[in-house]
Amino acid sequence: MRKLLLGPGWIRAAWMFVAFGAIGLGIVVLCRWSAGWYPLLLTEPCVLISLLVAAPLGFLAGLGAFDYWTNYVLGKPTPAHEDHSGHGAKSWKDYFRVNTDHKVIGVQYLVTTVIFFLIGGMLALLVRAELARPETDYFGPQTYNSLFSVHASLMIFLFIIPAFAGLANFVVPLMLGAADMAFPRLNALSFWLLPIAGVMMVSSFIVGAFAGGWTGYATLNSTHQPIGAIFFNQGVQWAGASSIMTALNFLVTIITMRAPGMTFWRMPLLVWANFTTSLLVVIATPFIAGSQFFSMFDHVMHTAFFTPVGGGYPLGYQHIFWFYSHPAVYIMMLPGFGIMSEVISTFSRKPIFGYRLMALSLMAIVVLGFSVWAHHMFTSGMSSWLRDPMMITTLLIAVPTGIKIFSWLATMWEGKLHFNTPMLFALGFLSMFVIGGLSGVMLGAVPIDISVTDSYFIVAHIHYVLFGGSVFTIFAGIYYWFPKMTGRMYDERLGKLHFWLTFVGFNLTFFPMHIVGTEGMQRRVENYTGNFGGLNMFISLASFGLGCSVLVFLYNMITSWRFGEIAPGNPWRAMTLEWLVSSPPPTFNFDEIPQVVGSPYEYGVVGAQHAILAPSKVPELEEVHT
Amino acid sequence: MRRGSIVALLGIGLVAGGVATAVALIPTWLPPARSEEAGRIDFVTWFVIAICIALFAIVAAAMIYSIVKFKAAPDDLEDGPSIHGHTGLEIGWTAIPFVLVTAIAIVCAIVLSKNDAQGANPLHIDVQAQQFAWTFSYPDAGNATSPVLLLPVNRSVELYMRSLDVVHSFYVPEFRETQDIVPGLVTQLHITPNHVGTYRVICHELCGLGHGLMRTEVKVIPQKAFDAWVAQQKSGSSG
């Protein structure tokens, strides 16, 4: 009984959640009482400190995320260090505790993010239901604005960014020939911050969700919103902290834990992609943290960072916000580029075309990515001369992106193409991302941008880039590594069905948005003029079809995970390191440190190898557990 | 490369380009342009669309050709040739897009500076935006105010815009220009309407619960009618 209450786990998490919340509340009341501020129980500071800061910390502590460090600080024995008891998964229960195994964490990330993808998707369907007809049908403006605001926040902060972190968590250490990430306990902590962020954003519906859009512009979001706005501010902080910790972990892992022989120029492009993404995350994410803190201070403590009355500067919010949120577009894209390089090379049976230029163009995107933020602000009222340099850098970023697309096409050229599900999603990505990229070039051109900004053309563009781009690569990655993660094969027929439903549904939903946008329909309204009615009804019907395609994916994932055919170690005949071990890999990945001897894409050369494992030490299949 | 594959590539490229051109031309994408600035902006739009169609056709040709031509049988376990790159090609697809985007940037910068340049004798109008209404006032007409924006045709107009609360944005689809209105700042927008008519003014930046209904009209009227309105307002305010 004592162990049940005091040992790490969900029971301790529950009571510590309450206890920390109460302590937080006490601190607020004490401070207000000593300062003579009444009422003592003012809603906003109480909710902020108690529910959005202290209670989640209690939850983490209860679950055991800090146990090792606490014991170490207190001078108690830290057995977890020696016996690896927090490592690996023997049963499904091990996925519900603080686990330090990067493979378990990868799966935790992916399952969590797919759940938020489903919630975010359902919010989108509600948005489309409202938009099917011009009048206000089901939701008033407050609810409607919350629906699209929470939809976007979940998809960005709780699905795309962390889904890539999940895939990379599973794959990167394996590809490097490492036993785990550099900081396994930090890795576990960064995962558990994520459900906190997600629950915060979703639960804001209970108290009056934020309705200022995911961009949360001041002064609308900093002074004119219900309390849900601070749920958004704080949710972003938790998700952002998770991102930063993971990125630091990837950087250290990639720099210090490569197997012997794994030089930077022998790393698979997926590793390069996560290396560059992590640089972006570490440099950029603190800016959104700053913007959300200041905005929240304006809301809760009546500071004036962004309020002109009092000397604040509303455009300051936009500059700081986009200084993160434009690089964030690449944070949501570069890992997908990495997945594409692996999938296209493997299923074309050819080396990546122009490997070094591919890696260098990732670096070019990182550098240029920090010089384009104000292209979101061409109409914002910032100094008008700033539009020209921002336009030039924005258009220039098309060059490294173009290099990548042409190189993938050249990789397929004269190859032996196999159209398994991951490859189908890769091709879907290529075609859709080209369309999204070209509409991006249009939007980079200032005169075009000021004629269609804040219209549905923008909505179409962002979905071609983030859905046709990022989400397609996430699906490709999930199918590609599904056998490695679960030890079972997914159903290829259902996978292909999922692809075609998604591809067709996606285009029917989002392509017509370009047209209603240029015709002058603004975004973020639940009520629009009747001349857009026909196309909107069409878009809404198509979106419901697109929604149904996700059911095929879920069915396939769940049944294949349980009953799928047992996967061999290397079902795709790929060359990178993760395919040299069993599916799923042994607890510490490699029984013997692999020796890297060549390029990861040496297709077409008889007997070529990327790395050597001593044959006697190749793990046996009986280590497979699901 | 064999001659046959070059012909096939060209063929697919032309078909893909043709389809894309049809998509660009057949639906009515843009409302009619009703200001001099809008005309220039539409020129940029079609200039960039033409480049985009060409790039789309190239990518589509390479992709569709590869999918059809290089499909392997399921039991074909062979690899493709070990080709790692081609310096000439790589320089080419770095340099050509560089030239294209530079051309786009130059055209845009020229159009932008032309659009911002005021014509002779510009009309000054103050715009006040607040949740969720527009007020237009005319310093040259005895500070007359109007909930509808009245503009004389073919005259350079400069809007000076202020917000009382949150960020709003002024947008008329037929004028093609958006300009945010930021509390604490005065932002400017230059328009030279060149067709008489009535168009919608909509708020283009989420500004709260009434954002979707923050609409009014702009009436572009002949100079004489505008002069008469100004005279009427002046006499009204003085008498």
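**Fold of chain A and its contact with chain B**

Buried residues make up 64% of the 626 residues in chain A. The model is predicted. Chain A holds 21 helices and 2 strands. Its radius of gyration is 25 Å, close to the 25 Å that the globule rule gives for 626 residues, so chain A is as compact as a globular protein of that length. The C-alpha trace of chain A spans about 75 × 65 × 45 Å along its principal axes.

Contacts in chain A often link distant parts of the sequence. Among contacts with a separation of 6 or more, 80% are between residues 24 or more positions apart. The exposed area of chain A is about 21,300 Å². Carbon and sulfur atoms supply 72% of that area. Chain A carries 29 positive and 28 negative charges. The mean positions of these two sets are 5 Å apart.

The interface was examined next. In chain B, 81 residues are in contact with 87 residues of chain A. The two chains bury about 7,100 Å² between them. Carbon and sulfur atoms account for 69% of this buried area. Three residues of chain B, namely B:Trp29, B:Trp93 and B:Leu206, supply 10% of the area that chain B buries against chain A. No other three residues supply more.

Within chain A, A:Asn249 lies in helix 10, which covers residues 228-256. The relative accessible area of A:Asn249 is 0%, so this residue is buried. Beyond its neighbours within four places in sequence, A:Asn249 is in contact with five residues: A:Met181, A:Ala182, A:Phe183, A:Leu186 and A:Asn187. Of these contacts, A:Leu186 and A:Asn187 fall in the range of helix 8 (184-207).

Two cis peptide bonds of chain A were also noted. One joins A:Tyr38 and A:Pro39, with omega about 0°. A:Pro39 is placed in the loop between helix 2 (10-35) and helix 3 (43-63). Another cis peptide bond joins A:Ala218 and A:Thr219. Here omega is about 5°. A:Thr219 sits in the loop between helix 8 (184-207) and helix 9 (220-223).

In chain B, attention falls on two residues with positive phi and on one strand residue. B:Asn143 is not a glycine, yet its phi is positive, near 55°. The loop between strand 2 (133-138) and strand 3 of chain B holds B:Asn143. Strand 3 spans residues 144-146 and includes B:Thr145. B:Thr145 has 51% relative accessibility; the cut-off for exposed is over 50%, so B:Thr145 counts as exposed. Setting aside neighbours within four places in sequence, B:Thr145 is in contact with B:Thr135, B:Phe136 and B:Ser137. B:Gln233 is 88 residues from B:Thr145 along the chain. Their C-alpha atoms are separated by 9.0 Å.

B:Arg176 also has a positive phi, about 65°, although it is not a glycine. B:Arg176 lies in the loop between strand 6 (168-172) and strand 7 (177-181) of chain B. At 2% relative accessibility, B:Arg176 counts as buried. The cut-off for buried is under 20%.

Terms used: Residues numbered from 1 in each chain as written. Chains lettered and ligands numbered in written order. Predicted model: local features only at pLDDT ≥ 70, side-chain atom pairs only at ≥ 80, totals over all residues. Heavy atoms only, no water. Helix = DSSP H or I, 4+ residues; strand = E, 2+ residues; numbered from the N terminus. Rg over C-alpha atoms; globule rule 2.2 N^0.38 Å. Buried < 20%, exposed > 50% of the residue type's maximum accessible area, 1.4 Å probe, protein only. Contact = heavy atoms within 4.5 Å. Areas by Shrake-Rupley, 256 points an atom, 1.4 Å probe, with all protein chains shown as cover. Lys, Arg positive; Asp, Glu negative; His and termini not counted. Charge placed at Lys NZ, Arg CZ, Asp CG, Glu CD. Buried area = accessible area lost by both parts, 1.4 Å probe.
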